[in-house]
Amino acid sequence: MLLLTIGDFARATGLSARSLRRYDELGVLPPARVDPYSGYRYYAEEQVERARLVGWLRRIGMPLAEVRRVCARFETDAAGAARAVRAYWAGVESETAARRDLASSLVDRMRGTTTMTTTSCVLDAAVLLDRGLVRPSQQDAAHAGPVLLAVADGYGPEGARAAGAAVAALGAVPAALRPGDVLNALEDGLRGANDAVAGLPESGTTLTAVLLAGTRLALAHVGDSRAYLLRDGALVRLTRDHTVVQALVDAGELDPAEVPDRPDRALLLKALDGGDVPPEPELGVREVRPGDRLLLCTDGLSAVVPAEELRLALASGGAPEATARALAALARGRGGPDNLACVVADVVPGPRDRRRLSPGPGPGPVPGVGPDADAV
C-alpha cells in the first residue's frame, strides 16, 4: 500500500494539513497510519477520493457530523449517499427561501413600502384536541388566545409533557408588542420552549406558533405541524415540514403522492428536544386583515385530510368552534390514526373575547369526535 505524507496528501486532495488534522480528530477522515513515536500521519492513496468528497461536502456547507455519515454510506451505497446529499441541499434551499421571504419583508418595512394600517386586529379562536381512534393517550397540546396561537406534537415516552411544556413556555411571550418586536419575541419564546423540554429522555416535540401585533403576524415553526391562511376562499400553507420525506420531495427523489404511504413520513429533521443548541426555526412575517382565517394543526389532521377538504371546511362560514369540530370529524372519518390538535382563528378588528372549546365534560361530547377530545 502506497502511503503519502500529510503534506503530499494535502496537495493531492486540495485540503490543508490543518483541516486533515481536524478531520482525523473528529473521525471524518482518519489516516491509514500514525507513527507511534512522532505522531506523524500517513494516508493511503486510496483515501484521496474520500478526502475530495469531504472537501466538496464542506464547500456546500454540510456539517461535519453529516459529512461523516454521507462518506460512510458512500463506501457501500453510492446512490443512497447521493440521495442524502440531494435531501440536504433541498433543505438548504428551503431555508434560504424562507430567509429570502423574511428579508423581503424587512426590506419593505425599512423602505416604508409595506402596507400598514392603523387597524388593531385580534384573533377570535377555538382550540380542539382529539386523541383519535388508535392512540392510547394524547401527546398533542395547543393554545388559542387573542394574539397567540400554538400547536405542538410530542413524541417519545414523555411526549405529552414535552408538548405541554413547550406550549406553556410560550406564555412568557408578551401580549402587547410593537409590530417591529413581534418576531423577536416569538423567536425568544421558541428558545424558552426548547429549554422547557430539557430533561425529558428520548422525548421532544414539534412547535408551530403565530403571534399577532396590530396587523403583523409573526410565525415560528419547528417540525411537521402546520399553519395555513385562508383568504378570499384560497388556502395558503405557511409552513414547510421539517421531515426526511419532505426533503426527498424537494430534492425530486419522491413523488408527493407517495408521501402518505411512506412508513417514515413522520421522521423529523428538526424538533425541540431540549438540546444545548436549539434548532433554527422557520420564521416569517406577513400582513393579515379582518376576514382572514388561520388554521394551526398537528399532523394528526394534515396527514390524513387532503388540503382541498381542509379548505372547504375552513371556508364553510362556520364559527371557529364548529369548524374545529368539523375538522376533527374529518380526521376520525379517515380512521383517526393519530392524536390531533387544531386551532381555528378568525382575524377580526378590535378587541373580542377569547373563545375556548371544551368538548367532553360540561356541554357534552363533541358529535363525531367523542369524549376523549380535550381543550387546553
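**Salt bridges in the predicted model**

At 25% relative accessibility, Arg231 falls in the partly exposed class, and in this predicted model the side chain of Arg231 meets that of Asp292 in a salt bridge, with an N to O distance of 2.6 Å. The two residues belong to separate elements, Arg231 being part of strand 10 (residues 226-231) and Asp292 part of the loop between strand 12 (282-287) and strand 13 (293-297), so the pair ties together parts that are 61 residues apart in sequence. Asp292 itself counts as buried, its relative accessibility being 1%.

A salt bridge is also found between Arg237 and Asp241, for which the closest N and O atoms are 3.4 Å apart. Of these partners, Arg237 is partly exposed at 33% relative accessibility, whereas Asp241 has a value of 8% and is therefore classed as buried, the limit for that class being under 20%. Elsewhere, Glu187, Asp188 and Arg191 are joined into one network by salt bridges that share partners.

A further pair consists of Glu158 and Arg161, whose side chains meet in a salt bridge at 3.5 Å, N to O. Here the acidic residue, Glu158, is partly exposed with a relative accessible area of 26%, while Arg161 has a relative accessible area of 52% and is accordingly exposed, since that class begins over 50%. Taken over the model, the count of salt bridges comes to 19, and the pairs described above, Asp292 with Arg231, Arg237 with Asp241 and Glu158 with Arg161, are among them.

Conventions: Residues numbered from 1 in each chain as written. Predicted model: local features only at pLDDT ≥ 70, side-chain atom pairs only at ≥ 80, totals over all residues. Heavy atoms only, no water. Salt bridge = Lys/Arg side-chain N within 4 Å of Asp/Glu carboxyl O. Buried < 20%, exposed > 50% of the residue type's maximum accessible area, 1.4 Å probe, protein only. Helix = DSSP H or I, 4+ residues; strand = E, 2+ residues; numbered from the N terminus.
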